[in-house]
Amino acid sequence: MNTDPDDVLRDILKTTRVIAVVGVSPNPVRPSYYVARYLGLKGYTMIPVNPGHAGEEILGQRVHADLASIPKNAHVDMVDIFRRPEAVPGIVEEALRELPDLKTVWMQIGVRHAEAAARARAAGLRVVENRCPKIEYQRLFGELRMGGFATGVISAKL
């Protein structure tokens, strides 16, 4: 298996289809909202998870109180965690128990938890800590170049 970090991230972003966003906010100025919005625009199915807004809609999707309330046939293959590090172990345990198609646990910028990451890896999952899938998508697929950033990706896209 290729262990180059960029190749691993690229593979995750190419193969993921359904993302449960834990801690997503309905507030459009919050990072969790605009990351979920961006990824939805890129073709991912976004499933919002936030107990404080359960039953409401965010980005046209019904908000779930927890991972357990997501239908099993939703085929969630990634959990994107916008919560404090101390909440991560419980989220990982619930994800392992409730999401049969899960392949990746992704912790947002500023979120790390070594024990929870080790538990997820031991269960055969890919784990990303302290990174943002929106930023990584833009970096790895050349979109940051449009904003004047040197990404190292050569592309004919404008």
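Two strands count as paired when DSSP finds at least two bridges between them. Keep that in mind as we walk through this predicted model, since strand pairing is where the tour will soon take us.

Let's begin with the overall plan. The protein has five helices and seven strands, and reading along the sequence gives the pattern α-β-α-β-β-β-β-α-β-α-β-α. Of its 158 residues, 45% are buried. Among contacts with a separation of 6 or more, 58% join residues 24 or more positions apart. On the outside, the protein exposes about 8,300 Å², and carbon and sulfur atoms supply 52% of that area.

A good place to step inside is strand E1, residues 18–22. Five of its five residues are buried, so E1 is mostly covered, buried here meaning under 20% relative accessible area. The cover lies on both faces: Val18, Ala20 and Val22 are buried on one side, and Ile19 and Val21 are buried on the other.

Which strands does E1 pair with in the parallel sense? One of them is E2, over five bridges, and another is E5, over four bridges. Towards E2, Val18 has Thr45 as its bridge partner, while Ile19 has Met46. Towards E5, Val22 stands opposite Ile81. E2 is itself mostly covered, with four of its five residues buried. Between E1 and E2 comes helix H2, residues 31–41, and the three elements together make a right-handed β-α-β unit.

Helix H2 deserves a closer look through one of its residues, Val35. Is Val35 buried or exposed? With a relative accessible area of 2%, Val35 is buried, because the value falls under the 20% limit. The C-alpha atom of Val35 is separated from that of Val21 by 9.4 Å, with their positions 14 residues apart along the chain. Leaving aside neighbours within four places in sequence, Val35 is in contact with Asp80, Phe82, Gln108, Cys132, Pro133 and Lys134.

Now for the nonpolar interior. The largest core has 25 residues, and those touching the most other members are Leu67, Val76, Val79, Leu102, Val105 and Met107. At least two residues of this core come from each of strands E1, E2 (45–49), E5 (78–81) and E6 (104–107), and likewise from helices H3 (88–98) and H4 (114–122). Helix H3 gives the largest share, four residues. Another core, of 23 residues, lies apart from this one and includes Ala36, Leu39, Ile58 and Cys132. Returning to Val76, what does it touch beyond residues up to four places away in sequence? The list is Val18, Ala20, Ile47, Ile70, Leu99, Asp101 and Leu102.

The last stop is a group of aromatic rings. Rings pair if their centres lie within 6.5 Å, and by this rule the count comes to three aromatic pairs. Tyr44 and Tyr137 have ring centres 6.4 Å apart and planes at 80 degrees, so theirs is an edge-to-face pair. Tyr44 sits in the loop between H2 and E2 and Tyr137 in helix H5 (residues 133–140), so this pair ties together parts that are 93 residues apart in sequence. Why do both tyrosines count as buried? Tyr44 counts as buried because its relative accessibility is 7%, under the 20% limit. Tyr137 counts as buried because its relative accessibility is 16%, under that limit too. Tyr137 also pairs with Phe141, and this pair is tilted, at 4.7 Å centre to centre and 50 degrees between the planes. Phe141 is buried, as is Tyr137. Ring pairs link Tyr38, Tyr44, Tyr137 and Phe141 into a cluster.

Terms used:
Residues are numbered from 1 along each chain as its sequence is written. This is a predicted model: local features need pLDDT of at least 70, side-chain atom pairs count only at pLDDT 80 or more; totals for chains, interfaces and linings use all residues. Side-chain values use heavy atoms; hydrogens and water are left out. A nonpolar core is a set of buried Ala, Val, Leu, Ile, Met, Phe, Trp, Tyr and Cys residues joined through side-chain atoms within 4.5 Å. Buried means under 20% relative accessible area, exposed over 50%, partly exposed in between (1.4 Å probe, protein chains only). Contact means heavy atoms within 4.5 Å. Accessible areas come from the Shrake-Rupley method with a 1.4 Å probe; for residues, only the protein chains shown count as cover. A crossover is right-handed if, with the strands pointing away from the viewer, the path from the first strand over the helix to the second runs clockwise. Rings of Phe, Tyr and Trp (its six-membered ring) pair if their centres lie within 6.5 Å; planes under 30 degrees apart count as stacked, over 60 as edge-to-face and the rest as tilted.
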